[in-house]
Amino acid sequence: MRQSLGGGLAVASLILIAGIAIAFAIGRYPISLIELGRVLLAKITGEPSALSPAVETVIWQIRGPRVVAAVLVGAGLSVAGAAFQGLFRNPLVSPDILGASSGAALGAVLGIYFSLGVFGIQGLAFIGGLAAVIAVYGIGSALRGGDTILVLVLTGVVVGSLLGAGIGLIKYLADPYNQLPAITFWLLGSLSATSPSDLLPLLGPVLAGTFVLLALRWRMNAMSLPEEEARALGIPTGLLRAAVVAAATLATAASVSAAGIIGWVGLVVPHLARFLVGPSFPRLLPTTAILGGGYLLLIDTLARTMAVVEVPLGILTAVIGTPFFIALLRQAHRSWS
Amino acid sequence: MILEARDLTVGYGSHAVGSGFNVAISGGEVLALLGPNGGGKTTLLKTLLGLLPPLEGEIRLSDATLAKLSVRERARHVAYVPQVHSGLFAFSVEELVLMGRSAHTPLLAGPSQLDRDITRATIERLGIRHLAQKPYTQISGGERQLALVARALAQEPRLVIFDEPTASLDFGNQGKVMQEVRRLAADGLGVIFSTHDPNQALRHADRALLLRDGRTLALGRSRDVITQENLRALYGTDILKVGAGGEAAFLPG
C-alpha cells in the first residue's frame with residue numbers, strides 16, 4: 001500500500017484531525033468540534049462566543065495546551081526518529097540512540113532533586129540532552145577508525161547506560177516522600193501538567209528542529225547509503241550529518257524536557273509512515289511529522305480517559321511499541337518498505 | 001587525459017598501503033586494476049575517487065587538482081559504482097538513480113525537471129525501464145548492478161570507477177555488466193575497474209595495472225601485460241594458459 005505524497009499526507013492529516021476531534025470530545029468536559037470552532041472564531045473576530053466560561057477555560061487553559069503539546073511532541077519525536085534511522089542506516093534506532101533522551105532525563109531529574117522550578121527543570125533537561133549528544137558525538141569521532149556509525153551507536157549505548165546510573169543515584173538520594181514520586185512520574189512520561197506557558201519553550205525548538213530536517217529531506221535518501229557511496233555522489237556527509245544530529249537532538253530534548261521520557265514513538269511512527277508512502281525521505285518526513293502528531297494525541301487521549309486515574313503516557317507507548325518492535329525484528333533483513 | 005596520477009602513495013592516515021603508482025586514463029579508455037586481495041586495489045581506487053587523500057603525489061584532472069575540489073565538484077567529474085549491495089531501505093530504482101543528481105542539485109532543493117529527465121534517460125539507456133518503480137531490494141543482483149551504473153551515469157561524470165563490478169554476479173550477468181562498461185568507454189568516458197579475473201581484464205580492458213603488495217608489477221596494454229609469466233608472479237601460483245592470441249584465457253592451477 002504505497003501512496004503518493006498527497007495520498008499519504010491526506011491519510012495522516014485525517015488521523016490528526018480525528019485525533020483532535022476525539023481529544024476535545026472525550027473527558028470530564030466534552031467539547032464538540034462545533035463548540036471548538038465557535039470559540040476559535042470568537043477569538044479571531046473578537047466577538048463573545050456565547051458559550052459558558054467553563055468551556056473557554058477548558059479549551060484555552062487545560063485541553064487546548066495539552067492537545068498542542070501532544071501533537072508537537074509526537075511530531076518532533078517521530079521526525080527525529082525517521083532522521084536517525086536514515087542517518088544510522090538502521091531502521092531499529094530511535095531518538096534515544098545518541099543519549100538525547102537519557103541526557104535530558106538526567107538533567108530534569110537533577111532539577112527535581114534540587115527543587116528547581118518548572119523552567120529550571122526544563123532548562124536542565126535541555127542542557128543534559130544536548131550535552132549527552134555532544135559527548136557521544138565527540139567520543140565517537142575521537143575513536144575514529146572502523147565503522148564510524150557503529151562506533152557512534154555503541155558510544156551512545158555506553159553513555160546512555162552511564163546516564164542511567166546517574167539517574168539511579170539521584171533516585172536513591174532523593175526524598176522518598178516528595179521528590180521520588182515526582183521523579184518517577186516524570187520518568188514515565190506525561191503531558192498532564194501541560195500549561196499554556198509550557199508551550200513556547202516546546203514550540204520553538206520542535207519547530208526549528210523539524211524545519212531543518214524537512215529542509216534536508218531531499219538529501220537524506222543519499223545520506224542513508226554507506227558513507228563512501230554518499231560522498232562519491234557529492235554529499236558533504238560530515239556537514240549534513242552534524243546538521244541532522246543537531247536538529248533531531250533539539251526536537252528530542254525539547255520534547256523530553258516538556259513531557260518526560262516517552263519511548264517508542266520515534267521508532268513506531270516512521271514505520272507506519274513508511275507503510276503509507278514508502279521509504280523515500282522527501283515523502284516520508286512530512287508524512288511522519290503529521291502522523292506522529294496524530295498518533296501521540298490519540299495515545300494521550302487514551303492515557304487520560306481509559307482509567308479512573310491517568311495512566312502514564314510512556315507506559316502506553318511502550319505497551320504498543322514493544323510488540324511492534326518484535327514484529328519488526330521478525331521481518332528484519334527483509335525489506336524495510 | 002581525464003585523470004593523471006603521478007608517484008602516488010596511498011594508505012590510511014600515516015599507514016601506507018602502496019606506493020609508486022602512476023595512473024593515467026583518457027576518454028574512451030578502460031583500465032583494469034588486477035591483483036590478489038590485500039594488494040592495494042581498493043585503497044588505490046578510493047584514492048582515485050578522492051575518498052582518501054593521497055599520502056604522497058598528486059592526482060590531476062584535466063583542469064583541476066582532485067584534492068582541491070569540493071565533494072560536490074568531485075562528484076561531477078568522477079562517479080563510483082560500488083559492489084552490488086543489498087540496500088537497506090526499499091527505494092525504487094528511479095529514486096536510487098535520482099540520487100546520482102545530488103551533486104547537480106542545490107543542497108536544499110528537490111530535483112528539477114532536468115534532473116528527472118536525465119534520470120529517466122539513463123534508466124532507459126540501460127534497458128531497465130521496466131524496473132523503474134520496483135524496490136531496489138527486490139530485484140536481482142545483475143539488475144541492481146545495472147541500476148548502480150545508471151546512477152553513476154546520471155552524475156554526468158567524465159570518469160567512472162567500478163569496484164569489482166561482477167563480484168557477486170552470475171555468469172550471464174557478468175557479461176551484461178561488462179558490455180555496459182565497454183559502452184561507457186565507447187561514449188567517450190574513462191572507465192577504471194578492479195577485478196579478480198585476469199580474463200575479464202584481458203577481454204574488456206584496453207590497459208591493465210597489475211598490483212601486488214602495494215607495488216606495480218606491470219602496467220601496459222592488457223594483451224601485453226596479462227601473460228602467463230606475469231600472472232604467475234602476480235598470484236604466486238601456477239597458471240594454465242588455454243587458446244592463443246586474442247582468444248587466450250587463463251585458468252588457475
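User: In which loop of chain B is B:E164 found?

Analyst: This is a predicted model, and in chain B the elements on either side of the loop in question are strand 7 (159-162) and helix 6 (171-186). B:E164 also has a phi near 40 degrees, which is a positive value in a residue other than glycine. Most residues other than glycine have a negative phi. The place of B:E164 is therefore the loop between strand 7 and helix 6 of chain B.

User: Is B:E164 buried or exposed?

Analyst: The count to use is that of other C-beta atoms within 10 Å, where 20 or more make a residue buried. For B:E164 the count is 21, so this residue is buried.

User: Is B:D213, which also has a positive phi, buried, partly exposed or exposed?

Analyst: B:D213 has a phi near 50 degrees, again in a residue other than glycine, and is found in the loop between strand 9 (207-212) and strand 10 (215-221) of chain B. It has 12 other C-beta atoms within 10 Å, and a count of 12 or fewer is the limit for this class. B:D213 is therefore exposed.

User: Which residue lies 7.3 Å from B:G141, C-alpha to C-alpha, although the two are 27 residues apart along the chain?

Analyst: B:G141 lies in helix 5 (residues 141-154) of chain B, and with 17 C-beta neighbours inside 10 Å this glycine counts as partly exposed. Leaving aside residues up to four places away in sequence, B:G141 touches B:V84, B:L169 and B:N173, among others. The residue whose C-alpha atom is separated from that of B:G141 by 7.3 Å is B:S168.

User: How many of the eight residues of helix 1 of chain B are buried?

Analyst: Helix 1 of chain B covers residues 41-48, and its buried residues are B:K41, B:T43, B:L44, B:L45, B:T47 and B:L48. Just after this helix, B:G50 takes a positive phi of about 85 degrees. Helix 1 of chain B is largely enclosed by the rest of the structure, because the number of its buried residues is six.

User: What radius of gyration does chain B have?

Analyst: Chain B has nine helices and twelve strands, its C-alpha trace spans about 55 × 40 × 30 Å along the principal axes, and buried residues make up 47% of its 253 residues. The globule rule gives 18 Å for that number of residues, and chain B comes close to this, so it is as compact as a globular protein of that length. The radius of gyration of chain B is 18 Å.

User: How many helices does chain A have?

Analyst: Chain A has zero strands, its C-alpha trace spans about 65 × 55 × 40 Å along the principal axes, and 50% of its 337 residues are buried. A compact globule with 337 residues would have a radius of gyration near 20 Å, and the 20 Å of chain A agrees with this. The number of helices in chain A is 14.

User: How are helix 3 and helix 8 of chain A oriented to each other?

Analyst: Two packed helices are described by the angle between their axes and the distance between the axes. The axes of helix 3 (residues 53-87) and helix 8 (residues 196-215) of chain A come within 10 Å and cross at roughly 25 degrees, in a left-handed crossing. By class, their contact has 14 nonpolar, four polar and one charged residues. Since angles under 35 degrees fall in this class, helix 3 and helix 8 of chain A are roughly parallel.

User: What is the orientation of helix 3 of chain A to helix 13 of chain A?

Analyst: The axes of helix 3 and helix 13 (residues 281-305) of chain A come within 7 Å and cross at roughly 140 degrees, and the crossing is right-handed. Among the residues that make the contact are A:G74 and A:L77 of helix 3 and A:L285 and A:G292 of helix 13. An angle has to be over 145 degrees to count as roughly antiparallel, and helix 3 and helix 13 of chain A are therefore oblique.

User: How many residues does chain B bring to its contact with chain A?

Analyst: Chain A brings 22 residues to the contact, and helix 9 (217-223) and helix 10 (227-232) of chain A each supply at least two of them. By class, the side of chain A that touches chain B has eleven nonpolar, six polar and five charged residues. The number of residues from chain B is 25.

Terms used
Residues are numbered from 1 along each chain as its sequence is written. Chains are lettered from A and ligands numbered from 1 in the order in which they are written. This is a predicted model: local features need pLDDT of at least 70, side-chain atom pairs count only at pLDDT 80 or more; totals for chains, interfaces and linings use all residues. Axes are lines fitted to C-alpha atoms, for helices over the stretch in contact, and angles run from 0 to 180 degrees between N-to-C directions. Helices (H or I, at least four residues) and strands (E, at least two) are DSSP runs, numbered from the N terminus. Angles under 35 degrees count as roughly parallel, over 145 as roughly antiparallel, 65 to 115 as roughly perpendicular and the rest as oblique. A crossing is left-handed if the near helix is turned anticlockwise from the far one by less than a right angle, and right-handed if clockwise. Ala, Val, Leu, Ile, Met, Phe, Trp, Tyr, Cys and Pro count as nonpolar, Asp, Glu, Lys and Arg as charged, and the others, Gly among them, as polar. Two residues are in contact if their C-beta atoms, placed from the backbone, lie within 7 Å. The radius of gyration is taken over C-alpha atoms; the globule rule is 2.2 Å times the number of residues to the power 0.38.
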